[in-house]
Every structure is written in structure tokens, then in C-alpha cells.
Amino acid sequence: MSDHILEVRDIHTFIGQFHILEGVTVSVPHSSITVLLGRNGAGKTTTLRSIMGMTPPSRGSILFDDKPLSGKTPFAIARLGIGYVPEHRAIFKDLTVHENLQIAERKKGDLARKADFLFELFPDLKRLYHLNGGNLSGGQQQMLAVARALVPDNRLLLIDEPSEGLAPVIIEQLMAAIRRLSQQCAVLLVEQNFRVASKLADRYIIIDNGQSPISGSMSDLIQDQALVQRYLGVA
Ligand SMILES: Nc1ncnc2c1ncn2[C@@H]1O[C@H](COP(=O)(O)OP(=O)(O)OP(=O)(O)O)[C@@H](O)[C@H]1O
Ligand SMILES: [Mg+2]
């Protein structure tokens, strides 16, 4: 068995005629948090969507739990045990918190089995259980979006910019929850907020211009101001 739950090797992805990913390599170790860093438009979301089969790569390989994902539909990929929390928290606003979680079940009884764990991670959701998603604050919606991906037995979660637009105190809560859940399920996170990424992640991969020029341990990156400045434009 590989040390990695996910191995993305040199993928190339086109959207229409545009060559968006030009050789991206991503490894995610078991029970860890790996972050994709990079400027706007670098290809971070496209990398997650390529893993999910939503923009399937035309070259390269993706192995989940040592098995290739090529040729599989997003539905089939999700069923293997990968949860996807897209950008902008796509929860159902006209459904209650309960209903949003219920429709995420893959097997009957998933929600009943997971409810205690979800409420422990996100106590607000218990209090808001019967409210419509549309009545939740941005932070509560993001918590619901993450919780939804935890209802089925996933072994890897892909989370796209969870902190976007949220207040610092909410970001802290969300980070604590992601850190906890990563003990059960590996996490591949896109995070533009370097401070958040540096506190949360074990490893980083920089995505730049559709490529992944550099990766390593987060503690090394924190020491390397020049690298951070060069690829992320923040000090
Ligand atoms: N449907 C599309 N059609 C054409 N180009 C697209 C499409 N979706 C994304 N792109 C282009 O692909 C590139 C990578 O986009 P992507 O959304 O993966 O970047 P990102 O790193 O997630 O950026 P952000 O930080 O802004 O979310 C960008 O140049 C973007 O304009
Ligand atoms: Mg994006």
C-alpha cells in the first residue's frame, strides 16, 4: 500500500480549447492536511475538479488508494470515498440543515451514524437543524458544506477556499474542525489566506500557471519568505 491516499501525476487538463493544467503533480499522505497555494487563476480549482472527474485530464494519471480514476464519472469517483466541498459553498438554500445533510447520504443511515460527530465538530448545526440553509450566515453555510461532505464514509476531502469571506473568529472555528476531521480523513485544501494555510497544513503544493513547480513541508515554506513572495505575492 502506498503512503499516499491520493497521487496525481503530471496531469494536463483542457477546458474547451484552453490548456489550463500543464503538468500538475499532487501527493496527499494519509491522515494529513495538504494545501494547494497559488495566485488567482493559477489552476487550483481546476486541479480539484480534475480529481473529481468534472474536468477530466487528457494526460497523466490520478490514483486514489492506489487505483486509477481515469474514465470514471464524478459520481463514481465520489462513491469511492472522495468528498468535494466546492468554492462558494453550494448548499441548498431552500432545504433545512437536516435535509441538506440527509441528501448527502450514500447509504441509508449514514447521517444517523455521523450526527454526533458532526454536531461535535459544528455545534451550531445542531441548534440550526430545522432552519433553511438560506437563513444561515456565511460561516454557518460553510460549516454545513463541510459537514455535508462528512456524512458518507469519505477517506479524502477536497475543500476549495473554505475561509473565503468569513470573519476571523469563524475561520478559527472552521480550522479547528478541519484539523480534527483530518485525523479520520485526509484533506486536500485550497486556501488563499496564507496565515490560515500555514497554521493548518502539514504539506503544501504551489500551483502556478497550470503547473506545480514546488512542494514540501509547510514548516519549510514558512521559513522561506522569498519563495512565498515569489509565488504568492505575500510576505
Ligand atoms: N470554464 C472555463 N472556461 C475558460 N477558462 C476557464 C474556465 N474555468 C477556468 N478557466 C481558466 O482556467 C484558469 C485556472 O482557473 P481556476 O479556477 O482553476 O484557478 P484558481 O487557481 O482556482 O483561481 P482562484 O484563486 O481565482 O479561485 C484561469 O485562467 C481561468 O480563467
Ligand atoms: Mg479557485
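**Pockets and the magnesium site**

In this predicted model, the lining of the largest pocket receives at least two residues from each of helix 2 (74-79), strand 6 (82-85) and helix 6 (138-150). The volume of this largest pocket is about 530 Å³, and, among the 21 residues that line it, those closest to the centre are Ala-78, Ile-82, Tyr-84, Ala-104 and Arg-106. When the residues of this lining are divided by class, 15 are nonpolar, 2 are polar and 4 are charged.

The second largest pocket encloses about 150 Å³ of space and has a lining of 13 residues, with Pro-56, Pro-57, Leu-69, Ser-70 and Gly-71 lying nearest its centre. Two or more residues of the lining of the second largest pocket are given by helix 1 (44-51) and by strand 4 (59-64), and strand 4 contributes the largest share, which amounts to 3 residues. In terms of class, the lining of the second largest pocket comprises 6 nonpolar, 6 polar and 1 charged residues.

The magnesium ion (ligand 2) has as its protein donors Thr-45, through OG1, and Glu-87, through OE, which lie 2.0 to 2.6 Å from the ion. These two residues link distant parts of the chain, being 42 residues apart, with Thr-45 placed in helix 1 and Glu-87 in the loop between strand 6 and helix 3 (97-102). The relative accessible area of Glu-87 is 28%, and this residue is therefore classed as partly exposed, since the value falls between the limits of 20% for buried and 50% for exposed residues.

Key:
Residues numbered from 1 in each chain as written. Chains lettered and ligands numbered in written order. Predicted model: local features only at pLDDT ≥ 70, side-chain atom pairs only at ≥ 80, totals over all residues. Heavy atoms only, no water. 1 Å grid on protein atoms, 1.4 Å probe; cavity = no way out; pocket = protein on both sides within 12 Å on 5 of 7 lines; lining within 4 Å. Points joined across faces, edges and corners; volume = space filled by probe spheres on them. Helix = DSSP H or I, 4+ residues; strand = E, 2+ residues; numbered from the N terminus. Nonpolar A, V, L, I, M, F, W, Y, C, P; charged D, E, K, R; others polar. Donors = N, O, S within 2.8 Å, 3.2 Å for Na, K, Ca; no water. Buried < 20%, exposed > 50% of the residue type's maximum accessible area, 1.4 Å probe, protein only.
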